[in-house]
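Let's take a walk through this one, going from overall make-up to a few individual residues. Have the sequence and the 3D view open as you read.

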Amino acid sequence: MKDLALHILDIAQNSISAKASLIRITIDEDKFNNRYVLTIEDNGTGMSPEVLAKVTDPYTTSRKTRKVGLGIPLLKLNAELTNGNLEIFSELGVGTKLIAVFEFDHIDRVPIGDIAGVIVMLASMNPNLEFIYKHITPRGEYVFDTQEIKIVLDDLSIQTISIQKYLKEMIEENLKEIGYDQ
């Protein structure tokens, strides 16, 4: 995948398929330790130890429409190409936590891409789920929480195009304020 936002979309879709009601997405730009860390955590059905052991194998997938699943293996590859790694923790009935670590200043680290667009798309396409997106940089922290957004919106739907556009712009502005690495 050409950017981190697409990886996030793919992994979040896995969480949605696993019947998660809460998906936490965190990006920590730790320039001082030369680490760029993506964490995605859900409260979905989780994976058995047998499935977890094979999840980075491209020929392991829960889908019935095709016999390969490239999302997690590609994320692992992208992390490893930057001297990083991928770890996944999961427990049946509890959920899954994925941590991808990239070397921050490595030339092969994929760009973040349209993270604001992906977060808004996930939230608007799944209005009954809670998404918490947290982005941390040396200059600060930004949190987008759909529960808080729904309270502010009151009777307005997050699925309304004008609301989606506003939320995307709001996320982009807040990310610029904390000096995120594009």
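Charges are a handy place to start: the protein carries 19 positive and 27 negative side chains, and the centres of these two sets sit 6 Å apart. Bear in mind that this is a predicted model.

Now for the overall dimensions. The C-alpha trace spans about 45 × 35 × 25 Å along its principal axes. A compact globule of 182 residues would have a radius of gyration near 16 Å, and the protein has 16 Å, so the two agree. As for the surface, about 9,900 Å² is accessible, and 52% of that belongs to carbon and sulfur atoms. Turning to the inside, 47% of the 182 residues count as buried.

What does the secondary structure come to? There are 6 helices and 6 strands. Read from the N terminus, the elements go α-β-β-α-α-β-β-α-β-β-α-α. Contacts reach across the chain too: taking those between residues at least 6 apart in sequence, 62% join residues at least 24 apart.

**Strand β2 and its partners**

Which strands pair with β2? On one hand there is β1 (residues 22–30), which runs antiparallel to β2 and is joined to it by 8 bridges. On the other there is β4 (residues 95–103), again paired with β2 in the antiparallel sense, over 8 bridges. If you want to check the register by eye, look for glutamate 29 opposite tyrosine 36 in β2, and for leucine 38 opposite alanine 100 in β4.

The link between β1 and β2 is a hairpin with 4 residues between the strands, and asparagine 34 in the turn has a positive phi of about 55°. β2 itself (residues 35–42) is mostly covered, with 6 of its 8 residues buried.

**Three buried residues**

Next, a closer look at three single positions. Here they are side by side:

| Residue | Location | Relative accessibility |
|---|---|---|
| Asparagine 126 | loop between α4 (115–125) and β5 (130–137) | 14% |
| Methionine 47 | loop between β2 and α2 (49–54) | 17% |
| Isoleucine 119 | helix α4 | 3% |

Why does methionine 47 count as buried? Buried means under 20% relative accessible area, and methionine 47 comes in at 17%, so it makes the cut. Leaving out residues up to four places away in sequence, methionine 47 touches Leu52, Val55, Ile88, Ser90, Glu91, Leu92 and Thr96. Its C-alpha atom is 8.8 Å from that of phenylalanine 89, a residue 42 places away along the chain.

Asparagine 126 follows the same reasoning: its 14% relative accessibility is why this loop residue counts as buried. Beyond its neighbours within four places in sequence, asparagine 126 is in contact with Ile16 and Phe131.

Then there's isoleucine 119 in helix α4, which is buried with a relative accessible area of 3%. What does isoleucine 119 touch, not counting residues up to four places away in sequence? Its contacts are Ile25, Tyr133, Phe144 and Ile171. For a sense of distance, the C-alpha atoms of isoleucine 119 and serine 21 are separated by 15 Å, with the two residues 98 apart along the chain.

Notes: Residues numbered from 1 in each chain as written. Predicted model: local features only at pLDDT ≥ 70, side-chain atom pairs only at ≥ 80, totals over all residues. Heavy atoms only, no water. Helix = DSSP H or I, 4+ residues; strand = E, 2+ residues; numbered from the N terminus. Rg over C-alpha atoms; globule rule 2.2 N^0.38 Å. Buried < 20%, exposed > 50% of the residue type's maximum accessible area, 1.4 Å probe, protein only. Contact = heavy atoms within 4.5 Å. Areas by Shrake-Rupley, 256 points an atom, 1.4 Å probe, with all protein chains shown as cover. Lys, Arg positive; Asp, Glu negative; His and termini not counted. Charge placed at Lys NZ, Arg CZ, Asp CG, Glu CD. Pairing = 2+ DSSP bridges.
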